[in-house]
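Me: Please take a close look at the side-chain contacts in the strand region of this model, and then set them beside the aromatic and nonpolar features found elsewhere in the chain. I would like one connected account with distances and accessibilities.

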Amino acid sequence: MENIVAVLRNSLPWVWIGITIICILIESLTVSLTTIWFGISAFIMVFLSFTPIPIVAQIFIFVVIALVLLIFTRPVVQKKLNAKKIATNYEKIIGQIAVVTKKITALEKGVIKINGMEWTAAVREDITLEEGSKCIIEEVAGVTAYVKSV
């Protein structure tokens with residue numbers, strides 16, 4: 001019986017390394033910032049598995065570390081990652097006023113000009129925007145700006 005316990009104790013670091021690799025692989029496929037914390041926790045457990053801590057206690061420590069990391073660090077990391085998003089041209093023009101350079105009707109797209117750039121434009125309502133009139137950009141889908149009258 002002592003031999004079985006010794007074999008289990010010696011293979012625990014490899015189990016934790018395996019769990020670390022699996023968690024990192026899952027995270028790389030999902031990019032949800034969830035399993036990475038379990039991977040980090042499992043990596044910490046590789047070193048703790050060399051101590052005489054019982055297996056049940058190691059599993060408990062693993063879960064606690066992973067949950068603490070998930071709850072307290074995930075929101076911070078997500079905020080940092082989302083802050084690095086740079087607004088592209090279409091995101092910058094939403095809500096701005098543009099000038100119609102080609103008539104826009106409910107059945108026919110037209111053209112608007114904003115910041116020196118021309119965009120294909122359409123309306124979602126049954127209205128007509130004449131050339132020279134002003135409009136507000138509500139949304140951009142693909143290369144078409146959806147506008148409404150001022």
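Reply: Between the side chains of threonine 144 and lysine 109 there is a polar contact of 3.1 Å, and this, like everything that follows, is read from a predicted model. Threonine 144 belongs to strand β5, which covers residues 144-149, and its relative accessibility of 5% places threonine 144 among the buried residues, because buried means under 20%.

Strand β5 also takes part in a salt bridge, since the side chains of glutamate 138 and lysine 148 meet with 3.9 Å from N to O. Glutamate 138 sits in strand β4 and lysine 148 in strand β5, so that this pair links distant parts of the chain, 10 residues apart. Glutamate 138 is partly exposed at 37% relative accessibility, and lysine 148, at 32%, is partly exposed as well.

The structure holds three salt bridges, and another of them joins glutamate 139 to arginine 124, with the closest N and O atoms 2.9 Å apart. Because glutamate 139 lies in strand β4 while arginine 124 lies in the loop between β3 and β4, the pair ties together parts that are 15 residues apart in sequence. Glutamate 139 has a relative accessibility of 34% and counts as partly exposed, whereas arginine 124, with a relative accessible area of 51%, is exposed. Arginine 124 has a further partner in tyrosine 146, for it lies over the face of that ring at 3.7 Å from the ring centre. Arginine 124 thus takes part both in the salt bridge with glutamate 139 and in the placement over tyrosine 146.

Glutamate 130 and lysine 103 also form a salt bridge, in which the closest N and O atoms are 3.9 Å apart. This pair links distant parts of the chain, 27 residues apart, with glutamate 130 in the loop between β3 (117-123) and β4 (134-141) and lysine 103 in the loop between β1 (97-102) and β2 (110-114). Glutamate 130 counts as partly exposed at 44% relative accessibility, and lysine 103 counts as partly exposed at 41%.

Turning to the aromatic side chains, a search of the whole structure finds three aromatic pairs. Phenylalanine 43 and phenylalanine 47 make one that is edge-to-face, with 5.3 Å from centre to centre and 90° between the planes. Both residues lie in helix α2, residues 35-48, where a spacing of four residues is about one turn of the helix. Phenylalanine 43 is partly exposed, its relative accessible area being 47%, while phenylalanine 47 counts as exposed at 51% relative accessibility, because exposed means over 50%. Elsewhere, ring pairs link Trp16, Phe38 and Phe62 into a cluster.

The remaining feature is a nonpolar surface patch of about 820 Å², made by Ile55, Ile59, Phe60, Val63, Val64, Leu67, Val68, Ile71 and Phe72. Of these residues, phenylalanine 72 is placed in helix α3, which spans residues 55-83, and at 60% relative accessibility phenylalanine 72 counts as exposed.

Definitions and conventions:
Residues are numbered from 1 along each chain as its sequence is written. This is a predicted model: local features need pLDDT of at least 70, side-chain atom pairs count only at pLDDT 80 or more; totals for chains, interfaces and linings use all residues. Side-chain values use heavy atoms; hydrogens and water are left out. Patches are made of residues with over 30% relative accessible area and no salt bridge: like charges are joined within 9 Å, nonpolar side chains (Val, Leu, Ile, Met, Phe, Trp, Tyr) within 5 Å. Accessible areas come from the Shrake-Rupley method with a 1.4 Å probe; for residues, only the protein chains shown count as cover. A salt bridge is a side-chain nitrogen of Lys or Arg within 4 Å of a carboxyl oxygen of Asp or Glu. Helices (H or I, at least four residues) and strands (E, at least two) are DSSP runs, numbered from the N terminus. Buried means under 20% relative accessible area, exposed over 50%, partly exposed in between (1.4 Å probe, protein chains only). Rings of Phe, Tyr and Trp (its six-membered ring) pair if their centres lie within 6.5 Å; planes under 30 degrees apart count as stacked, over 60 as edge-to-face and the rest as tilted. A charge sits over a ring if NZ of Lys or CZ of Arg is within 6 Å of the ring centre and within 35 degrees of the ring normal. A polar contact is a pair of N or O atoms within 3.5 Å; within protein, one must be able to donate a hydrogen and the other to accept it, and residues adjacent in sequence count only if both atoms are side-chain atoms.
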